[in-house]
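Visitor: Could you take me on a close look at one part of this structure? I'd like to see the place where the chains meet.

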There are 4 protein chains.
Amino acid sequence: MYSFRNDYSEGAHPRILEALVNTNLIQTEGYGEDIYTLEAIENIKNHIGSDDVQIHLISGGTQVNLIAISAFLRPHEAAITASSGHIAVHETGAIEATGHKVITVDVSDGKLNPSHIKSVLDVHTDEHMVKPKLVYISNSTEVGTIYSKKELYELSTFCRDHNLILFMDGARLGSALCSYENDLKLNDIKALVDAFYIGGTKNGALLGEVLVIVNSDLKEDFRYHIKQKGALLAKGRLLGIQFKELFKDDLFFSLAKHANSMADILRGGIEKAGFTFLTCSPSNQLFPVLPDCLIKELEKKYAFNTWAKIDDNTTAIRLVTSWATEEKAVLSFIDDLKNLMSR
Amino acid sequence: MYSFRNDYSEGAHPRILEALVNTNLIQTEGYGEDIYTLEAIENIKNHIGSDDVQIHLISGGTQVNLIAISAFLRPHEAAITASSGHIAVHETGAIEATGHKVITVDVSDGKLNPSHIKSVLDVHTDEHMVKPKLVYISNSTEVGTIYSKKELYELSTFCRDHNLILFMDGARLGSALCSYENDLKLNDIKALVDAFYIGGTKNGALLGEVLVIVNSDLKEDFRYHIKQKGALLAKGRLLGIQFKELFKDDLFFSLAKHANSMADILRGGIEKAGFTFLTCSPSNQLFPVLPDCLIKELEKKYAFNTWAKIDDNTTAIRLVTSWATEEKAVLSFIDDLKNLMSR
Amino acid sequence: MYSFRNDYSEGAHPRILEALVNTNLIQTEGYGEDIYTLEAIENIKNHIGSDDVQIHLISGGTQVNLIAISAFLRPHEAAITASSGHIAVHETGAIEATGHKVITVDVSDGKLNPSHIKSVLDVHTDEHMVKPKLVYISNSTEVGTIYSKKELYELSTFCRDHNLILFMDGARLGSALCSYENDLKLNDIKALVDAFYIGGTKNGALLGEVLVIVNSDLKEDFRYHIKQKGALLAKGRLLGIQFKELFKDDLFFSLAKHANSMADILRGGIEKAGFTFLTCSPSNQLFPVLPDCLIKELEKKYAFNTWAKIDDNTTAIRLVTSWATEEKAVLSFIDDLKNLMSR
Amino acid sequence: MYSFRNDYSEGAHPRILEALVNTNLIQTEGYGEDIYTLEAIENIKNHIGSDDVQIHLISGGTQVNLIAISAFLRPHEAAITASSGHIAVHETGAIEATGHKVITVDVSDGKLNPSHIKSVLDVHTDEHMVKPKLVYISNSTEVGTIYSKKELYELSTFCRDHNLILFMDGARLGSALCSYENDLKLNDIKALVDAFYIGGTKNGALLGEVLVIVNSDLKEDFRYHIKQKGALLAKGRLLGIQFKELFKDDLFFSLAKHANSMADILRGGIEKAGFTFLTCSPSNQLFPVLPDCLIKELEKKYAFNTWAKIDDNTTAIRLVTSWATEEKAVLSFIDDLKNLMSR
């Protein structure tokens, strides 16, 4: 049984484990003040091409989202997200638990644009309603789509014009940036958003996300918030060593490229077999729409999640590739798909 | 420069890293539903000698405290702690951030007894004040002391008689249980408290604590709370593999014993040199009271924290040993102490 | 300029002021433990026809909602409401500020039925999402509609079958119960919901709502929550005296009947003039759809709110009548409507 | 039985009720946008002698405290208070329920000075602890003492030098300002604190406190916070009419003077009878220390609270006078005291 269920089914890239082993008995400071964390931050700043950002290593995506959003907002302010946004659906009300409403906009491709935001602002007009203040986007989105530079620029401009904070959830930013459709660089993102994070958990780390705070107004006292939410690891080195390794050269991007190229093969094979997709995903999550009988057969050899019932006989499934996905598994999946169809 | 600053200066015990390497490319379920986590839980239950507990692996101590306490209490209920308790001082208001007051009792040895709790209950008499509902204790405490079976029994009886939840922070439970003064076993603790945790971060793991919920009333829906607070790791295997290893035999206890035996040597040497201690600690944290001039000399070769100014010329420092502390470092410290005194 | 803007434009019914004046210098206990509050509670229990409920007098509707919902739910649990529900829209995120997500269901008539609730339960399946636990309904709703006994019975049965708390916001319960379409009595509501409130602010009181807790599991320590949220008035007598007066005979219902009969005249006149309504409201809020030019003329003599743009030339407005609405104002409005049309 | 239990045993000053009656059927805007509220605010600004403040009318003291403090602080910031402070003891954890720690300083006279604040700052040094940010003081304090201009100036200077917000709870500010010992004016307070409130509930109003925000940084969006916490009364006129009346001339101060003069008589009589006081209170709360046998006798004719056991035979009681206290009751109390002693 090979799993395409997600991009966190395996451990970490071997170079990361090696780095952990090699540094294991060296004594360091705790709480992210160790030399590895400092070096990781340097490496990441180099990749972003800017020294003027504040960087924090945090263990998981929900944790970054809840720490950042609750630190950035005042009590009456709310976040706007696509209805498919991770904070709206799959974080057990983590943002609300910090006191803030999450306002959703229904979209089918997972992406927000200025007109979406405007529609929210138009109906939130006085103190009887929350004040929309932060725009949360994911790149790649929860349905695999990505933002173009033009789209992000337009969103950024709108947010700045309306005094809104633009925050990008980058749990799968590696895959987005390495997509064949992408025209954004880390430095563009840095120029266009107020804060974003670069996901490690889904791109080869054991755990860890890199929060990058660009807007200076949002930097003050940020470590207090990390600690208060239980996210300041005593052995911060665990995050530091991993990200030092991922960003000391292009390892982070190589891993994302591998995930994407495995997805590209899958996508091509599925298209060739005549199937369509629920969303136009150029990244490492694919949502092919398949006959239920076919899905039943595939489930005998492959693990994956069903995503949405399309009609009585077809369902969209989710296939996720990762840094660890083996090409032979991908090819075998396509072969099986073809064979099953020809029966 | 050798550090006695804390018990999380190094990485993990080599057997743990080995286990991570050996399992690295095996695909597993996410979010703590992997086979390693399940096995770890089995191993831990065996050590506790009970199947009737609910076990969750969570990445850090502050996180366990805030998740458990906010899950256990209703909005108007409060926690009682010694003034030195970790939740009172060193968690950046993490408990208050979930909405609950932390009521402190001044004690010098870090331990609570029934009369302390009674004094709190006596002044919280109606709905104009919070309702004290949970008693938080640490074992070993933040000043190195430990609870005897008799003390814990009395506290437990009092709590049950007064409908209070008894919760034990076991960030350093390994060291407490392996102390020469200890007469408690895991199974005793299980019988006497409503919930407790067994600390991994400070006893050889990269990160991770084992929350054990004993009281059935507190078990319902607990995973929702872990997720909501951002603590449900996608790669839950990282915790599972570590704790499987620590508890598949007696590794967890061997590591604590080593830490304690290093502390015993230190304690003996310091006593022999004629110094006293701020607290009677039989565990891996020692608080010797030393002349400031001596401290200044020791700081040239050893890293440690000063803890409390005693008078104009003396200060209590904190020395912490761990699973990784080298005997030669300990012996060298004592030698240096003696030599400095004879000058 | 006569205002149909809301049902809280005037002070209180004269009998209430009289009662305040007559009792003014009598000394009482504070915090709702005065004799007037006790008598008010007795009177209300008589009207409900049950002694087995817990009653609290609280100053406003948003306050009741936030106190009750946060007291009733555990941190990971959420409320379900119609998208038009007051807690979803017009309370500045009050419920989220206590940590709970508000899940909305899109409906046009402001009412929830079991299939709405089921659709929410169907997609909230595990600990990665909040746990829907409380169903919030308003009667009358924010768009003037009311629940029949059959509808409430079905909702109640569904909630009990699915272990959900059913909570009724009765800010305008008086008008609902006195509507010509109504077949519910206070005692029916008591039998079908877990908690509800009877609104005073919008039915002749200076301020104040009567929270009735039916489900015994929800009663414990409730006054702590009132105090914690700043809602335990030192001079609780202010609420007690008012509700004693409103419920010592049928004053509360007489006032609601007057409001409704004024609405009935308005409704009839508007229908006769050939206009339709956005919703079928049998209560004291009417939403006629009028030509914009006509609205412009009416605004010269009457104050009211526009509610929703219907098309380029027509808009739904909101007209609210109350215990204090004068018949001559209502008749004058209809006259003016007719005259404006005949021009 | 005459009650000296508190200053909220009666209703409102008759002029206030009269104003409510006289305006009763005039239609106004809701939510504090009525003309009476606007006039009240003008009157209060005239008394403060400044137009450069933001004023909000809010129904109770706990509500003002929790709204203001949660609006002023970021999540990791904490309030400092005397251990006797109302927010520390008698608000059921209202501040913690908004997420903020309340740090207490033990004092016997209820007052804070710069050295108290400094001692807190000295131990809160990094992100492992909350960041003390707001200093909460009461004037008069919970034990009847008041701040002199010099004391308030020193505190204010210290707070400004250390970037701390100074907030004054003025639930009994009227009595403080009208004390024979007082040298502060409203305008001085305005110049020295960042925000304060003027209590109406305990000085002749049915309910209501006047929050005055001086520091411009704290004014933005404040009405959102009032609404979110359930404190924006639909019939805001109820507060507006009362405070318009209290501040259209010197009624507010006349009432406080009466309360104080009644306290002065009581204090004098008790001193003359040879008893001492727990605190040196020059305001309307007195804490005489009396023999228990005497207290038992007094309780037959007067209602009051015991405050603190002093020794086996004596107890401090609390006597509170108000705008409504009758001179004959006060004289009778003193007579009875004398007579009881001579027995």
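**Where chain A meets chain B**

Guide: Sure, let's start with how the copies meet: 100% of the interface residues of chain A are also interface residues in chain B, so the copies meet through the same surface. Keep in mind that this is a predicted model. The contact draws 47 residues from chain A and 47 residues from chain B.

How are the copies arranged? Give chain A a turn of 180° and a shift of 0.0 Å along the axis, and it can be laid on chain B with an RMSD of 0.0 Å. The two copies are thus related as by a two-fold rotation axis.

Next, the area. Chain A and chain B bury about 3900 Å² between them, and 55% of that is on carbon and sulfur atoms.

Now for the links across the interface. Between chain A and chain B the count is two salt bridges. One of them joins B:R5 to A:E29, with the closest N and O atoms 3.5 Å apart. There are also 28 residue pairs in polar contact across the interface, both residues being at pLDDT 80 or more.

And which elements of chain A are involved? Those giving two or more residues to the side that touches chain B are β1 (2-3), α1 (14-22), α3 (61-72), α5 (94-97), α10 (222-228) and α11 (237-248). Of these, α1(A) gives the most, with four residues. Sort that side of chain A by class and you get 22 nonpolar, 17 polar and eight charged residues.

Note on methods: Residues are numbered from 1 along each chain as its sequence is written. Chains are lettered from A and ligands numbered from 1 in the order in which they are written. This is a predicted model: local features need pLDDT of at least 70, side-chain atom pairs count only at pLDDT 80 or more; totals for chains, interfaces and linings use all residues. Side-chain values use heavy atoms; hydrogens and water are left out. Copies are superposed by least squares on the C-alpha atoms of residues with pLDDT of at least 70 in both. Contact means heavy atoms within 4.5 Å. Buried area is the accessible area (1.4 Å probe) that two parts lose on being put together, summed over both. A salt bridge is a side-chain nitrogen of Lys or Arg within 4 Å of a carboxyl oxygen of Asp or Glu. A polar contact is a pair of N or O atoms within 3.5 Å; within protein, one must be able to donate a hydrogen and the other to accept it, and residues adjacent in sequence count only if both atoms are side-chain atoms. Ala, Val, Leu, Ile, Met, Phe, Trp, Tyr, Cys and Pro count as nonpolar, Asp, Glu, Lys and Arg as charged, and the others, Gly among them, as polar.
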